[in-house]
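Ready for a few exercises on reading a protein model? Look at the picture below, try each task yourself, and then follow the solution step by step.

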Amino acid sequence: MNISTRRNDKTTIFDLSGDIDLANSPKVRDSILREIRECHTPLVVVNLSQVRYMDSSGVASLVEGLKASRDLGSRFILVGLSTSTRDVLQLSRLIKVFEVYDNEEQAMAS
Amino acid sequence: MLALYSNPKWLSVARAAVERLTETLGFPIAQCRSITRAVDEALTNIVRHSYRNRPDQPIAMYFRRAHRRHGGQVQQGLEILLCDRGPAVDPCKLQGRPLDEIRPGGLGLHFIQQAMDTVEYTRKGLTNRLRLIKYLAQANSALREKTQ
């Protein structure tokens with residue numbers, strides 16, 4: 001699993017790739033929470049288009065990011081859900097609580 | 001049989017094995033994904049809760065064909081048995097949490113129960129045994145053909 005980050009003054013985009021499971025979800029969680037809590041970025045976008053698999057610990061990391069962003073009044077957006085990641089968010093009934101867009105362009109235009 | 005240690009780095013290997021096995025047995029793609037996810041979540045629970053994240057503890061996975069009489073016909077399936085040597089599990093803790101709560105954690109059991117037809121925990125001696133079974137829908141006879 002790889003995490004890369006793109007930043008401008010108001011937005012940070014996390015590009016995640018590979019599988020998110022117990023082996024690496026703590027790293028995802030820490031990266032996202034640091035960005036929200038320490039950098040106070042107004043808009044955090046998580047690009048999941050290259051994520052092949054995400055388990056419940058990955059979902060939990062995203063939920064923590066969402067909660068932290070709500071607490072601080074920032075936006076937290078998911079883009080590029082694969083069938084597998086969409087499945088897991090639908091099964092957990094959490095897809096409705098996230099702001100989800102097909103791609104980065106749509107998220108930026110929102 | 002697949003033997004592995006409780007290091008999370010082996011989860012991807014276990015997932016790959018289960019996904020290939022379910023594909024080979026003829027499960028529909030969506031069920032291959034959900035069975036793989038169920039096994040991954042069960043292994044994750046063993047690592048986190050049974051072994052408290054110690055990475056060097058043994059886990060054994062056994063795979064075999066299952067069958068049952070259903071609607072007057074024999075239904076074929078896959079049985080997966082996961083064994084670990086951690087402390088006994090309190091059956092009360094094997095309930096998934098309500099899904100109307102927006103909070104992290106507690107989703108793994110829900111995914112397991114949603115994917116599998118049978119989820120059965122037993123303690124035998126010093127071993128925790130989680131038995132998972134998924135049956136193939138009657139319309140899909142691939143498993144029957146492949147396993148005969």
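## Exercises on two chains

Chain B of this predicted model contains four helices and five strands.

**Exercise 1.** Find in what order the elements of chain B follow one another from the N terminus.

*Solution.* Start at the N terminus of chain B and note each element as you pass it. The order is β-α-α-β-β-α-β-β-α.

**Exercise 2.** Now do the same for chain A: how many helices and strands are there, and in what order do they run?

*Solution.* First, count: chain A has four helices and five strands. Next, walk along from the N terminus, which gives β-β-α-β-α-β-α-β-α.

**Exercise 3.** Decide whether the radius of gyration of chain A agrees or disagrees with that of a compact globule.

*Solution.* Begin with the expectation: for 110 residues, a compact globule would have a radius of gyration near 13 Å. Then take the value for chain A, 12 Å. The two agree. To picture the chain, note that its C-alpha trace spans about 30 × 25 × 25 Å along the principal axes.

**Exercise 4.** What percentage of the residues is buried in chain A, and what percentage in chain B?

*Solution.* A residue counts as buried when its relative accessible area is under 20%. By that cut-off, 55% of the 110 residues in chain A are buried. For chain B, with its 148 residues, the share is 44%.

**Exercise 5.** How much accessible surface does chain B expose, and what part of it comes from carbon and sulfur atoms?

*Solution.* The exposed surface of chain B is about 7,800 Å². Carbon and sulfur atoms supply 52% of that area.

Methods. Residues numbered from 1 in each chain as written. Chains lettered and ligands numbered in written order. Predicted model: local features only at pLDDT ≥ 70, side-chain atom pairs only at ≥ 80, totals over all residues. Heavy atoms only, no water. Helix = DSSP H or I, 4+ residues; strand = E, 2+ residues; numbered from the N terminus. Rg over C-alpha atoms; globule rule 2.2 N^0.38 Å. Buried < 20%, exposed > 50% of the residue type's maximum accessible area, 1.4 Å probe, protein only. Areas by Shrake-Rupley, 256 points an atom, 1.4 Å probe, with all protein chains shown as cover.
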